[in-house]
Amino acid sequence: MDLRPFITYLEHLNELRQVDEADPDLEIGAITELSDERNGPALLFVHIKGYPPGYRIVTNLIATPRRLAAALGFPAAILNVELVRLIKDKFKELKSVPPVYVTKGPITENVYREGEVDLFKLPVPKWHEYDGGRYLGTGDMVIMKDPEAGWVNVGTYRVQLHDRNTVGLYVSPGKQGRIISQKYWSKGKSCPVAVAFGAHPLVWLPSFLFSPWGVEEYGVAGALLGEPLQVIRGEYTGLPIPAHAEIVIEGDCPPPEVESRKEGPFGEWTGYYASGTRNEPIIKVKRIMHRNDPIIMGAPPLKPPGSGVATYVLRASNIWSQLEQLGIPGIKGVWQMRAGGSHYLNVIAIEQKYAGHAKQVGMAATSVPAGAFQSRFVIVVDEDIDPTNDEDVLWALATRCDPATTIEIVAGCWSSALDPTISPERKAKGDTTNSRAIMLACRPYHWKKDFPKVNRASDELRNRVMNKWGYLWPAANSG
Ligand SMILES: Cc1cc2nc3c(=O)[nH]c(=O)nc-3n(C[C@H](O)[C@H](O)[C@H](O)COP(=O)(O)O)c2cc1C
């Protein structure tokens, strides 16, 4: 449950590189982007320009399927749809393991209260050139308690640095953290919040998966770790805080009509600065805790196909397991095309079992919790298409989809101010809905058997030719 041994493990796998003396003002962000584009290693920024030597930032920690597999304990060689399947099966078997309270942990090594709070001491990067400020929270865990049912939600939501003891919090409408804080605000109260910046990936990743309402992310983390997560009771909020987190703030989030500040713009996962600058809630920070030589987890959004976190693998496995939980048969694979960021282009491969099956899958995939938010296209393909092979998927779309009859458009769906297709006028009115296209790129079920045959050589013929003529393609042969 500690980030540091995982960093050492990545070093051992040759999957981590230290970067000396980078500037948090744009350099760290640009290095992160350039490295991600090259499928580079995780980056540990040390001796950050302008800050004491111990302060560090890690980025691209689980940016590749290979490092995600390492975090989850799967062999690195398992990639793409097999990895999605393994994660789906692992999550299906998980039984919540509630956290245990401990009285102290590494996080209590340094505690700053009230007048001592000074967030400017932390090396907070400006990640993208047109960002409206510096963002401490990108790969973070925002912790809140539902005031009615008492369960604890943890979500990854961006946190902007406003001043020495104030940060901005952007939680998209409809997200669980927003619904919970509204419950406090509707009674005129502030919402108690704690935010952890830096944790082991298995502790962090449940916070950015779309869990059903009421499911506690700490329980999922414990199940993934195979032992209860150790938490301390926050001195100010009473909220459970991971005892091995790197940096934690605690404070109050007042009702936005009482106090809010301009937030953004911020370079977002869509590849744009689409949500601009709006008034958003703040957290008045009352405590800062950090370990000695703390490490900030940085996960700045990057223009697709870039993504500093392999969310596409995790979300695909979540959509798959949620479709299975609905009892829909025949799902053979799920993928999110990287060009669509972490939501826009979902691909589901199915073995069609009955007329209407493909449309049922498409409608469900755009409605299950893991697929509902800010999606745009769901492409349903047959089982002979590898959903992780973008060219194969586009070939199926080009040759098996009849736009007049097999594309369903659904309007008025759950999106957000981050959606670049929603006009500023609609956003100003709070209308952040978008439309979806469910594209059936499968052979029509009722005349499937008569659909033209594919003209690719059979596996048997290809194997025979490879055995005899393989010397013509030595690289392919050795691979
Ligand atoms: C790196 C990263 C940053 C994110 N930033 C935000 C954000 O600023 N606001 C937001 O609403 N969702 C953000 N998300 C998505 C949420 O974490 C995700 O929707 C999660 O399910 C929210 O938790 P909830 O379901 O408990 O609301 C981010 C996800 C990742 C991986």
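Modeller: A residue is exposed if 12 or fewer other C-beta atoms lie within 10 Å of its own. Keep that cut-off in mind as we look at this predicted model.

Colleague: Happy to! Why is Tyr471 called exposed?

Modeller: Tyr471 has 8 other C-beta atoms within 10 Å. The limit for exposed is 12 or fewer, so Tyr471 counts as exposed.

Colleague: And where is Tyr471 found?

Modeller: Tyr471 sits in the loop between helix H14 (459-469) and helix H15 (474-478). Its C-alpha atom is 39 Å from that of Tyr9, and the two are 462 residues apart along the chain.

Colleague: Let's turn to helices H4 and H8. What makes H4 oblique to H8?

Modeller: Helix H4 (residues 80-93) and helix H8 (residues 311-325) pack at an angle of about 55°, with axes 8 Å apart. Angles under 35 degrees are roughly parallel and those from 65 to 115 roughly perpendicular. About 55° belongs to neither range, nor is it over 145, so H4 is oblique to H8. The crossing is right-handed.

Colleague: Which residues of H4 and H8 meet?

Modeller: From H4 they include Leu83, Ile87 and Phe91, and from H8 they include Val313, Leu314 and Trp320. By class, this contact has 8 nonpolar, 2 polar and 2 charged residues.

Colleague: How many residues surround the ligand, and which are the closest?

Modeller: There are 20 around the ligand, the closest being Gly155, Arg158, Ser172, Lys175 and Gln176. Strand S8 (152-155) and helix H5 (176-185) are the elements that give two or more residues to this shell. By class, the shell holds 8 nonpolar, 10 polar and 2 charged residues.

Methods
Residues are numbered from 1 along each chain as its sequence is written. This is a predicted model: local features need pLDDT of at least 70, side-chain atom pairs count only at pLDDT 80 or more; totals for chains, interfaces and linings use all residues. Axes are lines fitted to C-alpha atoms, for helices over the stretch in contact, and angles run from 0 to 180 degrees between N-to-C directions. Helices (H or I, at least four residues) and strands (E, at least two) are DSSP runs, numbered from the N terminus. A crossing is left-handed if the near helix is turned anticlockwise from the far one by less than a right angle, and right-handed if clockwise. Two residues are in contact if their C-beta atoms, placed from the backbone, lie within 7 Å. Ala, Val, Leu, Ile, Met, Phe, Trp, Tyr, Cys and Pro count as nonpolar, Asp, Glu, Lys and Arg as charged, and the others, Gly among them, as polar. A residue is near a molecule or strand if its C-beta atom, placed from the backbone, lies within 6 Å of it. A residue is buried if 20 or more other C-beta atoms lie within 10 Å of its own, exposed if 12 or fewer, and partly exposed in between; C-beta atoms are placed from the backbone.
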